[in-house]
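Good morning, and thank you for joining this group meeting. I would like to take you through one protein structure, starting at its surface and then turning to its interior.

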Amino acid sequence: RSVLCKGICFDPIDIPDNDSFICQKCFNIYKADHTTYPQSNTLIGNQPLFPIQALVKIIFNLKVQCKNRNKGCEWQGNVSAIQEHININCDHQDVACSNDGCNEILSRQKLKEHLLNCDYRNESCKDCNLILPFNQLEQHSMICPKLKIKCSQGCGITIERENERKHIEDNCDKTEIECPFKELGCGLKMLRGELNEHLRK
């Protein structure tokens, strides 16, 4: 075990005046706040500390169990494979949801189901195809330009929201209009749907 982290020493280096080993990564962090080597009074100098290659080979061939064995993982293998197992394959390893905004942390075996139901999963609007987090779709539907709506004047026509104004101005039977013969003296107004009857009279 490493003197500092007490874990597997993946990159062991030899420490002067000490029979113990330490991880290169741990030592780089340690020496930022210390002037002497761990477990000795020897001052930390500028001399390079080299990896112990023979020890690396021995360590990498040691047999270990997964750190998640208490959660049900039965994996066993060489030290050289433990990181890949934990980072990629272990179903019992806690991982964070990959969706932006979601803070859920759960085991890898539960992640697939979570991603299918996560409130922050990306979904496309069925009307305009804009991709949004699932929990924003309902709010988006209140302004979606492609959503089909009933004319707000009650004519019964269904149109895309972005076309409603043009529909009301040019086609809606419930829009009030003036008689086309206003300049000839007719001052009456009527709904567009009543225009033909008005003209007939």
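Does L199 count as buried, partly exposed or exposed? Please bear in mind that what you see is a predicted model. L199 has a relative accessibility of 39%. Buried means under 20% and exposed means over 50%, with partly exposed in between, so L199 counts as partly exposed. This leucine belongs to helix α7, which covers residues 195-200. Together with F181 and L184, L199 makes a nonpolar surface patch of about 330 Å².

Let us now turn to the interior. In soluble globular proteins, nonpolar side chains tend to be buried together. Helix α3, residues 79-89, is a good place to begin. Its buried residues are V79, I82, H85 and I86. Because they cover an arc of only 90° around the axis, these residues sit on the same side of α3. On the face turned away from that buried side, α3 carries the exposed residues N87 and I88.

What covers the buried residues of α3? The cover includes two helices, α2 (53-60) and α4 (108-117), and two strands, β3 (63-65) and β4 (76-78).

The next topic is the nonpolar cores. The largest one has 12 residues, among them C9, L55, I59, V64, V79, I82, I86 and C90. Two elements, α2 and α3, each give two or more residues to this core. The largest share, 3 residues, comes from α3. A second, separate core has 7 residues, including I13, I15, F27 and Y30.

Which residues does V79 touch, if we leave out those up to four places away in sequence? They are I8, F10, I59, F60, L62 and V64.

I shall close with two exposed residues. A54 is part of helix α2, and with a relative accessibility of 57% it counts as exposed. A54 and A32 are 22 residues apart along the chain, and their C-alpha atoms are separated by 28 Å.

N129 lies in the loop between β7 (122-124) and β8 (131-133). Its relative accessibility is 56%, so N129 also counts as exposed. The phi angle of N129 is near 70°, a positive value in a residue other than glycine.

To summarise, α3 has its buried residues on the same side and gives the largest share of the largest nonpolar core, whereas L199 is partly exposed and helps to make a nonpolar patch on the surface. Thank you for your attention.

Definitions and conventions:
Residues numbered from 1 in each chain as written. Predicted model: local features only at pLDDT ≥ 70, side-chain atom pairs only at ≥ 80, totals over all residues. Heavy atoms only, no water. Patch = residues over 30% accessible without salt bridge, like charges linked within 9 Å, V, L, I, M, F, W, Y side chains within 5 Å. Areas by Shrake-Rupley, 256 points an atom, 1.4 Å probe, with all protein chains shown as cover. Salt bridge = Lys/Arg side-chain N within 4 Å of Asp/Glu carboxyl O. Helix = DSSP H or I, 4+ residues; strand = E, 2+ residues; numbered from the N terminus. Buried < 20%, exposed > 50% of the residue type's maximum accessible area, 1.4 Å probe, protein only. Arc of directions from axis to C-beta. Contact = heavy atoms within 4.5 Å. Core = buried A, V, L, I, M, F, W, Y, C linked by side-chain atoms within 4.5 Å.
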